[in-house]
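Reader: I would like to learn how to read strands, loops and burial in a model of this kind. Could you take me through it step by step?

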Amino acid sequence: MFPLKAVREQALAISVHKFKDQFGPVALVQSPAEPVLRRSAMLLATAQTIGVTDPGRVGHRLLVLMGSFDGLSVQFLNPGRDGTQFTVGRLPECDVAIADPSVSKRHATLKWDAARGGCTVRDEGSTNGTFAGASRLGSEEAALLDGDALGFGDAQFLYILTETLYEKLRVSRFGYG
């Protein structure tokens, strides 16, 4: 994961084509990992049980996520070829490793669709569910669109095309976004 401030510096220094070549076609934007780890430690210290994710909280969590754009982190997905799959889960060996107790060890799979220029997501039988927007996914793949909210348990992401992220970083730097 890269801090968004560092990615902004790159966006201001290079063209959109070089930016996309360097980072890949899509990105997941998330709150920094440190607060998630602190929350996890707090939950364990107070011996609270971790309940099932509440789909009604998805919208609130996304507002919090977007309210601190500069404090976010970015994970770029660079698939290389059609059909490349990225594992999402709590295990460190997952392609998208999320240190959050609401995330299953192997939570979901993202799959690159070169013809569409985007990813699909599939829940892998997680306990707390995978969400696209405010909808909990079943066992079927769902196509993701630029700007979709994506949730794995309580861990919230914004799925965004690299070109869109590039433009947002450049515009918000000058106070227009």
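Author: Let us start with a term that we shall need: a residue is called buried when its relative accessible area is under 20%. Please keep in mind that this is a predicted model.

Reader: Is Ser104 buried or exposed, then?

Author: Ser104 has a relative accessible area of 14%, so it counts as buried. Ser104 is found in the loop between E5 and E6, and, if we set aside residues up to four places away in sequence, it touches Gly89, Arg90, Ser126 and Thr127.

Reader: Which strands does E4 pair with, and in which direction do they run?

Author: Strand E4, residues 85–89, is joined by four bridges to strand E6, residues 108–113, and these two run antiparallel; in this pairing, Phe86 has Leu110 as its bridge partner. E4 is also joined by two bridges to strand E5, residues 96–97, and here the strands run parallel, with Gly89 standing opposite Ala97.

Reader: How should I read Arg106, which lies in the loop between E5 and E6?

Author: Partly exposed describes a residue between the cut-offs of 20% and 50%, and Arg106 falls into this class because its relative accessibility is 45%. Although Arg106 and Thr87 are 19 residues apart in sequence, their C-alpha atoms are 7.0 Å apart in space.

Reader: Which residues is Arg106 in contact with, leaving aside its neighbours within four places in sequence?

Author: On that basis, Arg106 is in contact with Val88, Gly89, Leu91, Glu93, Cys94 and Glu124. Gly89 is also one of the residues that Ser104 touches.

Technical notes
Residues are numbered from 1 along each chain as its sequence is written. This is a predicted model: local features need pLDDT of at least 70, side-chain atom pairs count only at pLDDT 80 or more; totals for chains, interfaces and linings use all residues. Side-chain values use heavy atoms; hydrogens and water are left out. Two strands pair if DSSP finds at least two bridges between them. Buried means under 20% relative accessible area, exposed over 50%, partly exposed in between (1.4 Å probe, protein chains only). Contact means heavy atoms within 4.5 Å.
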